[in-house]
Amino acid sequence: QVQLVESGGGLVQPGGSLRLSCAASGSLFRINIMGWYRQAPGKQRELVALISRDSGTNYADSVKGRFTISRDNAKNTVYLQMNSLKPEDTAVYYCNVRTTIVYWGQGTQVTVSS
């Protein structure tokens, strides 16, 4: 059984920063892609950022230059550093981990509001 434990969400003012973490544990074989998706109320879940095992990255255009994804392979953990946050970044953020199976975290709420 695989568990993904997310942390780091919360309420922040526009222009502020947050750092999300997602630690994977359990019967994991080789983790390939790790990433973050988000879903705002009334909208579909969308890609935020992905990172490959050799640290190649891919970002949604809306977060380029503001968000940075990174990973620690020894700890099976992926991070998302979010800077210059905007109200439109408000969403539930989901961790995504891919081996030969795709796993999802339970989601963590990020609210950007003054």
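Strand 2 (residues 10-12) and strand 11 run parallel and pair through 3 bridges. Strand 11 also has strand 9 as a partner, this time antiparallel and again over 3 bridges. Keep in mind that this is a predicted model. Below is a quick tour of those strands, the core, the disulfide, an aromatic pair and a few loop residues.

**Strand 11 and its partners**
- Valine 110 is a handy landmark: glycine 10 stands opposite this residue, and alanine 91 has valine 110 as its bridge partner too.
- Which side chains of strand 11 point to the buried face? Thr108, Val110 and Val112 do, while Gln109 and Thr111 point the other way and are not buried.
- That fits a general pattern, in which side chains of a regular strand alternate between the two faces of the sheet.

**The nonpolar core**
- The largest nonpolar core has 30 residues, and Trp36, Leu80, Met82 and Tyr93 touch the most other members.
- Eight named strands chip in with at least two residues each: strand 1 (2-7), strand 3 (18-26), strand 4 (34-39), strand 5 (46-51), strand 7 (67-72), strand 8 (77-82), strand 9 (91-98) and strand 11 (108-112).
- Leucine 80 shows how such a hub is surrounded: setting aside residues up to four places away in sequence, leucine 80 touches Leu18, Arg19, Leu20, Trp36, Val48, Ala49, Phe67, Thr68, Ile69 and Tyr93.
- As a general rule, nonpolar side chains in soluble globular proteins tend to be buried together.

**The disulfide**
- There's 1 disulfide in the structure, formed by cysteine 22 and cysteine 95 with their sulfur atoms 2.1 Å apart.
- The link is left-handed, with -80° about the S-S bond.
- Cysteine 22 sits in strand 3 and cysteine 95 in strand 9, so the bond ties together parts 73 residues apart in sequence.
- Are these cysteines buried or exposed? Cysteine 22 is buried at 0% relative accessibility, and cysteine 95 is buried with a relative accessible area of 0%.

**The aromatic pair**
- The structure holds 1 aromatic pair: tyrosine 37 and tryptophan 104 have ring centres 5.1 Å apart and planes at 65°, so the pair counts as edge-to-face.
- Tyrosine 37 belongs to strand 4 and tryptophan 104 to strand 10 (residues 102-104), which puts the partners 67 residues apart.
- Tyrosine 37 is buried at 15% relative accessibility, whereas tryptophan 104 is partly exposed at 40%.

**Arginine 66 and serine 84**
- Arginine 66 lies in the loop between strand 6 (57-59) and strand 7. Buried or exposed? Arginine 66 counts as buried because its relative accessibility is 11%, which is under the 20% cut-off.
- A polar atom of the arginine 66 side chain is 2.9 Å from the backbone oxygen of serine 84.
- Beyond neighbours within four places in sequence, arginine 66 is in contact with Gln81, Met82, Asn83, Ser84, Leu85, Lys86 and Asp89.
- Serine 84 itself is in the loop between strand 8 and strand 9, and is partly exposed at 41% relative accessibility.
- Serine 84 isn't a glycine, yet its phi is positive, at about 50°.

**Another positive phi**
- Asparagine 76 has a positive phi near 50°, and this residue isn't a glycine either.
- Where does asparagine 76 lie? It's in the loop between strand 7 and strand 8.
- Asparagine 76 is partly exposed, with a relative accessible area of 23%.

Note on methods:
Residues numbered from 1 in each chain as written. Predicted model: local features only at pLDDT ≥ 70, side-chain atom pairs only at ≥ 80, totals over all residues. Heavy atoms only, no water. Core = buried A, V, L, I, M, F, W, Y, C linked by side-chain atoms within 4.5 Å. Buried < 20%, exposed > 50% of the residue type's maximum accessible area, 1.4 Å probe, protein only. Helix = DSSP H or I, 4+ residues; strand = E, 2+ residues; numbered from the N terminus. Contact = heavy atoms within 4.5 Å. Polar contact = N/O pair within 3.5 Å; in protein donor to acceptor, adjacent residues only side chain to side chain. Pairing = 2+ DSSP bridges. Disulfide = S-S within 2.5 Å. Phe/Tyr/Trp six-rings, centres within 6.5 Å; stacked < 30°, edge-to-face > 60°.
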